[in-house]
There are 2 protein chains.
Amino acid sequence: MKTPTIQDVAQRAGVGVGTVSRVLNNHAAVKPTTRETVLKAIADLDYTPNPHARRIAGGKSYTISVLLPVLTTEFYARLLDGLETAFQEARYDVAIFPLLDRSRLERYLASHTLAYQADGLVMATYNLTKVFHERRLRTQQPTVLVDAHTDDADCSYMDNLAGGVLAGEYAATLPGGLYAIWVETELDQLFTTHVFEDRRTGFHQALAAAGRRVETEYTASFDTLAARNTAAALLDDVQRREGGLPCTVFASADLLAGALLDEARVRGLTPGQDVYIIGFDDQPWAAARGLTTLHQPVEAMGYEAAQLLLSRLGGYRGPARARRFQPHLVVRDSA
Amino acid sequence: MKTPTIQDVAQRAGVGVGTVSRVLNNHAAVKPTTRETVLKAIADLDYTPNPHARRIAGGKSYTISVLLPVLTTEFYARLLDGLETAFQEARYDVAIFPLLDRSRLERYLASHTLAYQADGLVMATYNLTKVFHERRLRTQQPTVLVDAHTDDADCSYMDNLAGGVLAGEYAATLPGGLYAIWVETELDQLFTTHVFEDRRTGFHQALAAAGRRVETEYTASFDTLAARNTAAALLDDVQRREGGLPCTVFASADLLAGALLDEARVRGLTPGQDVYIIGFDDQPWAAARGLTTLHQPVEAMGYEAAQLLLSRLGGYRGPARARRFQPHLVVRDSA
DNA sequence: TTGTAAGCGTTATCAC
DNA sequence: GTGATAACGCTTACAA
């Protein structure tokens, strides 16, 4: 019992394949009654059009490819959620191509593999300025960037600079010396992301405006253990210092803030009293642990990215558009 | 400048499309010289065959769909690595379909969407016994299960029972009372996974064989915060007890063991001296933190799953096969 | 409003 | 060995 084709549907409905195709694509005027008949035949046979055939026929495949990095963080799960929701509403299927490492990215960039055979492309996090500039993105499909931006393409991204400013403005109102922990970005050129750089710039801008300065800045790689060690080093320094407590720390990612929270509690310090801690991300556990942090509308960013792409697919031909999303401060016990 | 087709290649090489197709698919005998000419034309035009057309033409699309859950853990990153490596070697493209929630799984199960249009299907973690039994998997493509098993399908999975046995055998040799922390599985029927159940069964088997028993068993949900709280509760109980230390704890996932490591250090207890801790998973940080744990050959499991599928695609028609992978104990400072 | 037929880019089956 | 040519399942003119 093979899967039904458009022929089978046409036959069962007693119409031509053209008509079936028309109702499938909401084309022109099809007489309501015939439409009904066709729809019924489709339901009876449990027919679904073959996307490959659709694509081949010069039409659309109703398929979107999403290229994104490692995938092991909450952030991408949320991003995917936003993207999928929007595409699903528009009846597009989404396939994901995880770029596990640089060689994978190169591979996708270099060949016309499956990822490029979709109607549109979403690229996450990679700042492809260079790639676009060198015209190495060898595809004619509409492409949109999420969590990254370029002048040459539609993009939907988080305003990390504004987030840094919010953190700085709030930190300036808190007691004690100011400290900051940044994320070490070891990503190479291709994988460049301005995320943490932007947060830092914004933070410093706000402090400058408030006439304040940071005592010491620390850097940790994006990893629980490293974060914990950095947190310990920071608290060592602060506690060693005369009148070092209370102090205020901006940890530029919740992963960092969480480690600091742990380390502070171990030392018998109370967050929001001895150590004021501001995180960034608002991870799922942040509320439970009372972490003051910057919440990012990640799903919304993904959703909007999808909308930009869908508008291109719908025929929009205008210049590249940028959608910027604003993080907002969520004040909890830790600060 | 549109993408070149097989026609363009044929024309440039001065041969028929059939010949080009033959060299593309390593078919029959093509005269070495013509083969060269064709290959050159392909290179010149930077031609890549269109997978949709290939699929449509009744052939293969050289595409594999991988259906897997959330994606936010190291485990899946490693699994994907194994799968991708194998498929890439065989020149297959892989597309990922993340099943973010139950409704997504239902959707993929219920329709003939893109995921089903691939040459083969890999399903991770879901125990699809029921789905297979009810014939709800509406596809004729070869399917293989990873990190799960059924009698009805090829599968590649970890022998969690044996892992539990190893943990139990080793724990039985360690001093003090025995404790265990299990993972609470809140997944519903469709998402059933026997992983933690198996680890527990194996652990108890080994203890029984050694004539030992567990003092108390704890349960935590798979979440850092919950794990930490459970670890605290466990240590409270142990420390309250007369001669409670030293003791030995089997934490059935490294996430749990890590929390216990933290909590023990906070209390001034030395792992491997006051508290003997055995984890499960061998996460990347386990070595750095000196955690004794069970290492799983996850990449190998993925690689083998791919091989099973490839053999089906290569024409294998025999009965379902099962490949079981053995975890092994890695002894470090914590026990 | 609807049926017919010509593609779309491949593979596979023929003859030569 | 190799070149035509008929599928494959669909969309889209073009007629009717």
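This report describes how two protein chains meet two DNA strands in a predicted model, and then turns to salt bridges and one sheet.

**DNA strand C**

Around DNA strand C there are 30 residues, and those that come nearest are T19(A), R22(A), I6(B), S21(B) and A57(B). Both chains are therefore named in this list, by the letters in brackets. Looking from the side of the DNA, 63% of the atoms of strand C within 4 Å of the protein belong to sugar or phosphate, and the rest belong to bases.

Which elements supply at least two residues each to the surface near DNA strand C? In chain A it is helix 2 (17-24). In chain B they are helix 1 (6-13), helix 2 (17-24) and helix 4 (51-56). Helix 2 of chain A gives the most, with 4 residues. Sorted by class, this surface has 12 nonpolar, 13 polar and 5 charged residues.

**DNA strand D**

DNA strand D is surrounded by 27 residues, and the closest are I6(A), Y47(A), T19(B), R22(B) and I56(B). Of the atoms of strand D that come within 4 Å of the protein, sugar and phosphate make up 65%.

One contact with strand D involves a base: a polar side-chain atom of R22(A) lies 3.3 Å from a base nitrogen. Two or more residues of the surface near strand D come from each of helix 2 and helix 4 (51-56) of chain A, and from helix 2 of chain B. Here helix 2 of chain B gives the most, with 4 residues. By class, the surface near strand D has 12 nonpolar, 11 polar and 4 charged residues.

**Contacts with phosphate**

The table lists side chains with a polar atom close to a phosphate oxygen, for both DNA strands.

| Side chain | DNA strand | Distance to phosphate oxygen |
|---|---|---|
| T19(A) | strand C | 2.4 Å |
| T34(A) | strand C | 2.8 Å |
| N25(B) | strand C | 3.1 Å |
| Y47(A) | strand D | 2.6 Å |
| T34(B) | strand D | 2.9 Å |

T19(A) is also among the residues that come nearest to strand C, and Y47(A) is among the closest to strand D.

**Salt bridges**

Side chains of opposite charge can pair when their charged atoms come close. How many salt bridges does the structure hold over all chains? The count is 36.

In chain A, the side chains of R199(A) and D281(A) meet in a salt bridge, at 3.6 Å from N to O. R199(A) lies in helix 9 (residues 195-209), and D281(A) lies in the loop between strand 9 (275-278) and strand 10 (293-295), so the pair ties together parts of chain A that are 82 residues apart in sequence. R199(A) counts as buried, because its relative accessibility is 4%. D281(A) counts as buried too, at 15% relative accessibility.

In chain B, D159(B) forms a salt bridge with R324(B), and the closest N and O atoms are 3.3 Å apart. D159(B) is in the loop between strand 5 (154-158) and helix 8 (160-171), while R324(B) is in strand 11 (residues 322-325), so this pair ties together parts of chain B that are 165 residues apart in sequence. Are the two partners buried or exposed? D159(B) is buried, with a relative accessible area of 11%, whereas R324(B) counts as exposed at 52% relative accessibility.

Another salt bridge of chain B joins the side chains of R332(B) and D282(B), at 3.1 Å from N to O. R332(B) lies in the segment after strand 12 (328-330), and D282(B) lies in the loop between strand 9 (275-278) and strand 10 (293-295), so the pair ties together parts that are 50 residues apart in sequence. D282(B) counts as buried, at 14% relative accessibility.

Salt bridges can also be linked to one another. In chain A, R228(A), D236(A), D262(A), E263(A), R267(A) and R289(A) are linked in a network of salt bridges.

**A sheet in chain B**

Strands of a sheet pair through backbone hydrogen bonds, either parallel or antiparallel. In chain B, 4 strands form an open sheet in the order 7-6-8-9, with parallel pairing. Strand 7 (216-220) and strand 9 are the edge strands, each pairing on one side only. On average, neighbouring strands of this sheet are turned by 20° against each other, direction ignored.

Strand 6 (residues 177-183) and strand 7 of chain B pair in the parallel sense over 5 bridges. Y179(B) has T216(B), in strand 7 of chain B, as its bridge partner.

Terms used: Residues are numbered from 1 along each chain as its sequence is written. Chains are lettered from A and ligands numbered from 1 in the order in which they are written. This is a predicted model: local features need pLDDT of at least 70, side-chain atom pairs count only at pLDDT 80 or more; totals for chains, interfaces and linings use all residues. Side-chain values use heavy atoms; hydrogens and water are left out. A residue is near a molecule or strand if one of its heavy atoms lies within 4 Å of it. A polar contact is a pair of N or O atoms within 3.5 Å; within protein, one must be able to donate a hydrogen and the other to accept it, and residues adjacent in sequence count only if both atoms are side-chain atoms. Ala, Val, Leu, Ile, Met, Phe, Trp, Tyr, Cys and Pro count as nonpolar, Asp, Glu, Lys and Arg as charged, and the others, Gly among them, as polar. A salt bridge is a side-chain nitrogen of Lys or Arg within 4 Å of a carboxyl oxygen of Asp or Glu. Buried means under 20% relative accessible area, exposed over 50%, partly exposed in between (1.4 Å probe, protein chains only). Two strands pair if DSSP finds at least two bridges between them. Axes are lines fitted to C-alpha atoms, for helices over the stretch in contact, and angles run from 0 to 180 degrees between N-to-C directions.
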